[in-house]
Amino acid sequence: MDKIRSIENGERWLIAGSTGCGKSYLSSRLASLYASNANVLYFDSKNEGTGKAISIKTANDKIKSIITGNGQTYRIKFDGLDPGDDEVSSDLFSAIMRFPSRKVNIVLWFDEAFSIPDTPALRRIFTQGRSKGVSAIACAQRPVGIPRVMVSEATRYCVFNLNDKRDRDTVGAFVKGGVSEKPRFRFDYYDVLTDERINNIKVT
Ligand SMILES: Nc1ncnc2c1ncn2[C@@H]1O[C@H](COP(=O)(O)OP(=O)(O)O)[C@@H](O)[C@H]1O
Ligand SMILES: [Mg+2]
């Protein structure tokens, strides 16, 4: 991890890899680095996290106090399967982008990106959120199946082993030097903003 350039607000991470390879482990480390000064909204699709969870509706209702807080993490139980989930996630993302202050200093951490509805509001977060101070960490087991914008608009890629060539191709199209098969817990890192690539990192 110390090989990686220090994290900045407004960046978007794609953490890709087959199940069990260490995506959640790495992303929780990244989220805790952000949480020292930003407010993290953790979309816990698999209900793996600990502590009190809130609904996405509650997050939407109290978005003002979330945004104006300092270094809090909110765990949202969200699998995107309930009727109305598209609308309420859309409302939340729109509220973040429309918030009156220029910088909102918020991190959206999607532990399973495939469960996040691919809506215009989500696409706005990924294409225009950077100037607003919105960071994102998206984890994906099957990058082929997640909202495309999470792959195409990432500023930093952490790519663990991907079993399916279609997934390697999806991510590899954006990672200079491509992506390869590798042992469990190891990932290739590519930073779009500096064009830096580091192979075979392991989080210790
Ligand atoms: N770098 C690592 N070193 C040791 N154990 C790890 C490492 N990364 C992940 N693990 C462990 O491996 C298991 C699977 O990791 P996890 O992050 O949940 O995978 P994923 O989210 O990709 O399915 C967990 O029990 C986790 O604690
Ligand atoms: Mg996981």
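Which helix gives the most residues to the shell around ligand 1? Helix 1, spanning residues 23-34, does, with 3 residues. Keep in mind that this is a predicted model. Let us start at the ligand and work outwards.

Ligand 1 is surrounded by a run of residues that includes Gly 17, Thr 19, Gly 20, Cys 21, Gly 22, Lys 23, Ser 24 and Tyr 25. Phe 185, Lys 202 and Val 203 complete the surroundings. Sort this shell by chemistry and you get 4 nonpolar, 5 polar and 2 charged residues.

Now follow helix 1 itself. It has 12 residues, and at 1.5 Å a residue they should span 16 Å. The C-alpha atoms at its ends are 16 Å apart, so expectation and model agree. Which residues of helix 1 are buried? They are Lys 23, Leu 26, Ser 27, Leu 30, Ala 31 and Tyr 34. Look down the helix axis: these buried residues fall within an arc of 135°, so they line one face. The spacing has a simple background. An α-helix has 3.6 residues a turn, so residues three or four places apart point the same way. The face turned away from the buried side carries exposed residues: Tyr 25, Arg 29 and Ser 32.

What covers the buried residues of helix 1? The cover includes strands: strand 1, strand 2 (39-44), strand 4 (73-77), strand 5 (106-110), strand 6 and strand 7. That brings us to the sheet.

The sheet is open and has 9 strands. Their order is 3-4-2-5-6-1-7-8-9, and the pairing is mixed. Strand 3 (53-54) and strand 9 (196-202) stand at the edges. Each has a single partner strand, so one side of each is left without a neighbour in the sheet. Strands of a sheet pair through backbone hydrogen bonds, either parallel or antiparallel.

Take strand 1, residues 12-16. Is strand 1 mostly covered or mostly open? It is mostly covered, and 5 of its 5 residues are buried. Both faces share in this. Arg 12, Leu 14 and Ala 16 lie on one side, with Trp 13 and Ile 15 on the other.

Strand 1 has strand 6 as one partner. The two run parallel, and 5 bridges join them. Here Trp 13 stands opposite Ile 137, and Arg 12 has Ala 136 as its bridge partner. Strand 7 (residues 156-159) is another partner of strand 1, again parallel, with 4 bridges. In that pairing Leu 14 is matched with Tyr 157.

Strand 6 covers residues 134-140. How many of its 7 residues are buried? The count is 7 of 7, so strand 6, by the same burial cut-off of 20 or more other C-beta atoms within 10 Å, is mostly covered. Val 134, Ala 136, Ala 138 and Ala 140 point one way. Ser 135, Ile 137 and Cys 139 point the other way. Strand 6 also pairs with strand 5, in the parallel sense, over 5 bridges. There, Phe 110 stands opposite Ala 138.

Finally, move across to strand 8, residues 186-191. Do strand 7 and strand 8 run parallel or antiparallel? They run antiparallel, joined by 4 bridges. Val 159 stands opposite Asp 188 of strand 8.

Notes: Residues numbered from 1 in each chain as written. Chains lettered and ligands numbered in written order. Predicted model: local features only at pLDDT ≥ 70, side-chain atom pairs only at ≥ 80, totals over all residues. Buried ≥ 20, exposed ≤ 12 C-beta atoms within 10 Å, placed from the backbone. Pairing = 2+ DSSP bridges. Near = placed C-beta within 6 Å. Nonpolar A, V, L, I, M, F, W, Y, C, P; charged D, E, K, R; others polar. Expected span 1.5 Å × (residues − 1). Arc of directions from axis to C-beta. Contact = placed C-beta atoms within 7 Å.
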